[in-house]
Amino acid sequence: MTLLIKGGTVVGPVGAIKADVLIDGETITALFAPGTAPEIADTIDATGKYVIPGAVDAHTHMELPFGGTHASDTFDTGTKAAAIGGTTTIIDFAVQKTGEVIQDGLAAWHGKAEGNCHIDYAFHMIMGGVDDESLKAMDYLVANEGISSFKLFMAYPGVFYSDDGQILRAMQKARDNGAMIMMHAENGPAIDVLVKQALERGETDPIHHGLTRPQELEAEATSRAIWLASVAADCPLYIVHLSASKALEQVARARNEGKNVFAETCPQYLYLTLEDQLGAPGFEGAKWVCSTPLRSKHETHRADLWQGLRTNDLSVVSTDHCPFCFKDQKELGRGDFSKIPNGIGSVEHRVDLLYQGVVEGKLSLSRWVETIATTPARMFGLFPRKGVIAPGSDADVVIYDPNGRTRISAETHHMNMDHSAWEGWEIDGKVDTVLSRGEVIASGGEYTGRAGRGRYVKRGLSDYLI
Ligand code: URP
Ligand code: ZN
Ligand code: ZN
Ligand code: ZN
């Protein structure tokens, strides 16, 4: 069962080389200089194309319960869409609901995913409550369940929220067991005051979701999380879905001081805005309600985030894929923006959307691959099994056609969503062929994978720490 990917340009974080990639079964076994590979009967011609590691989306929410409903992609629909878009591993967030035992929340998440995934998957754990029992469970998950990262929320009081004391305790625990703390950094109690005041003034449209979550409250929470991590003997900290210039400043300052502080951003913050999308006429803007919110086009956020990707103050691009249909789901918040389920779905499009950074001269080819595949794998203990084209790594490979074009639309996407945040976008580049552990699961627009072939991957500790 050997297969040779011939004639392509292999791109990794250290650069691009012309090489043929030999796969034996589920594993990459060798790279050959052009013309030096042995004769193999089974070949894929990648001439004129990039051969990149299958992308790793470190932030998805399949079936997440939120605001009285559930994210509309199941592990079946969501991982199939991911696969078609060149993502071969997701790290989804298992949820400990408040009051629930962590292991029960984890078991429920395995129940949703097992037998349904098209690609390999791993879990982070959302901690819905920090107490003696859940702190002990953190040790257990790191040691036995392959879960080495825990998300806490400074937002959403009464739902996922942890107070500063709880956050500090979880950080101290993570410092001892080697785990990463992932932080939703927005000052929830302050946001709730602004939301209440806005609704009292009759400001109910979707744009007020963004206006009541000013960047100062993201920056303040980011800064507070960084200081709490310092107090916890420099516990490794990863800020999720960073959207704003002032929050990025906090991360950059901590990194300049040599702290193990990292951050991700998401495609929506690199391209979409408060005015043009969230502020769309009538209730239309509900499609773009997510937290942290889209930021103003009149400020420097988008340019600063691209800059952060270049300097590595932003190390990862994830989607925060959390789709809700417009009809029946987003509509729960008609007349009250605070009841609109939060989230945007784009697990299918991250590879293509970030490739526009290369097209527009904002990112190098190798930085593109690093931010969507290699660093997420390293950050979250999947490397070198995932995130790199190297002997011994899983044969998760994407053949990417720089001369192809991709049109994004709800009519053609595979996510279970009745709209697209990127409706009508036509962009350069196209996913040509996707291999997952040596099996071709998508090629030339045809999908040949199947639900249940994806496996749960137990993760180790981050290898990205200083
Ligand atoms: O709007 C978002 N981001 N929804 C998903 C939940 C979260 O906070 O990541
Ligand atoms: Zn439920
Ligand atoms: Zn979040
Ligand atoms: Zn999220």
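The exercises below walk through a predicted model, each with a worked solution.

Residues are numbered from 1 along each chain as its sequence is written, while chains are lettered from A and ligands numbered from 1 in the order in which they are written. Because the model is predicted, local features need pLDDT of at least 70 and side-chain atom pairs count only at pLDDT 80 or more, whereas totals for chains, interfaces and linings use all residues.

**Exercise 1. The ligand shell**

Task: find which residues surround ligand 1, and sort them by class.

Solution:
- Apply the cut-off: a residue is near a molecule or strand if its C-beta atom, placed from the backbone, lies within 6 Å of it.
- List the shell of ligand 1: His 61, His 184, His 241, Cys 290, Ser 291, Asp 320, Cys 322, Asn 342 and Gly 343.
- Fix the classes: Ala, Val, Leu, Ile, Met, Phe, Trp, Tyr, Cys and Pro are nonpolar; Asp, Glu, Lys and Arg are charged; the others, Gly among them, are polar.
- Sort the shell: two nonpolar, six polar and one charged.

**Exercise 2. Unusual backbone at three places**

Task: locate the cis peptide bonds at Thr 292 and Pro 384, and the positive phi at Tyr 156.

Solution:
- Recall the background: most residues other than glycine have a negative phi, and most peptide bonds are trans.
- Take Ser 291 and Thr 292: a cis peptide bond joins them, with omega about -5 degrees. Ser 291 is also one of the residues around ligand 1.
- Place Thr 292: it sits in the loop between helix H10 (274-278) and helix H11 (301-311). Helices here are DSSP runs of H or I with at least four residues, strands are runs of E with at least two, and both are numbered from the N terminus.
- Take Phe 383 and Pro 384: they too are joined by a cis peptide bond, with omega about 5 degrees.
- Place Pro 384: the loop between helix H13 (365-379) and strand S18 (397-407).
- Take Tyr 156: phi is positive, about 60 degrees, although Tyr 156 is not a glycine. Its loop runs between strand S13 (149-153) and H4.

**Exercise 3. Helix H7 and its two partners**

Task: describe how H7 packs against H4 and against H8.

Solution:
- Set the axes: these are lines fitted to C-alpha atoms, for helices over the stretch in contact, and angles run from 0 to 180 degrees between N-to-C directions.
- Start with H4 (residues 164-177) and H7 (residues 215-231): their axes come within 9 Å and cross at roughly 50 degrees.
- Classify: under 35 degrees is roughly parallel, over 145 roughly antiparallel, 65 to 115 roughly perpendicular, and the rest oblique. H4 and H7 are therefore oblique to each other.
- Assign the hand: a crossing is left-handed if the near helix is turned anticlockwise from the far one by less than a right angle, and right-handed if clockwise. H4 and H7 cross in the right-handed sense.
- Name the contacts, defined by C-beta atoms, placed from the backbone, within 7 Å. Asp 164, Ile 167, Leu 168 and Met 171 of H4 meet Leu 228, Ala 229 and Val 231 of H7. The classes are six nonpolar, no polar and one charged.
- Move to H8 (residues 245-256): its axis and that of H7 come within 7 Å and cross at roughly 20 degrees. That makes H7 roughly parallel to H8.
- Add the hand: the crossing of H7 and H8 is right-handed.
- Name some contacts: H7 gives residues including Ala 219, Thr 222 and Ile 226, and H8 gives residues including Lys 246, Gln 250 and Val 251. By class there are five nonpolar, five polar and three charged residues.

**Exercise 4. Two open sheets**

Task: give the strand order of each sheet and find its edges.

Solution:
- Apply the pairing rule: two strands pair if DSSP finds at least two bridges between them.
- Order the four-strand sheet: S5-S4-S1-S6, open, with mixed pairing.
- Find its edges: S5 (27-32) and S6 (43-45) each have a single partner strand, so one side of each lacks a neighbour in the sheet.
- Check one pair: S1 (residues 2-6) and S4 (residues 20-24) are antiparallel over four bridges. Leu 3 has Ile 23 in S4 as its bridge partner.
- Order the eight-strand sheet: S8-S11-S12-S13-S14-S15-S16-S17, open, with parallel pairing.
- Find its edges: S8 (55-60) and S17 (316-317) each have a single partner strand, so one side of each is without a neighbour in the sheet.

Methods:
Two residues are in contact if their C-beta atoms, placed from the backbone, lie within 7 Å.
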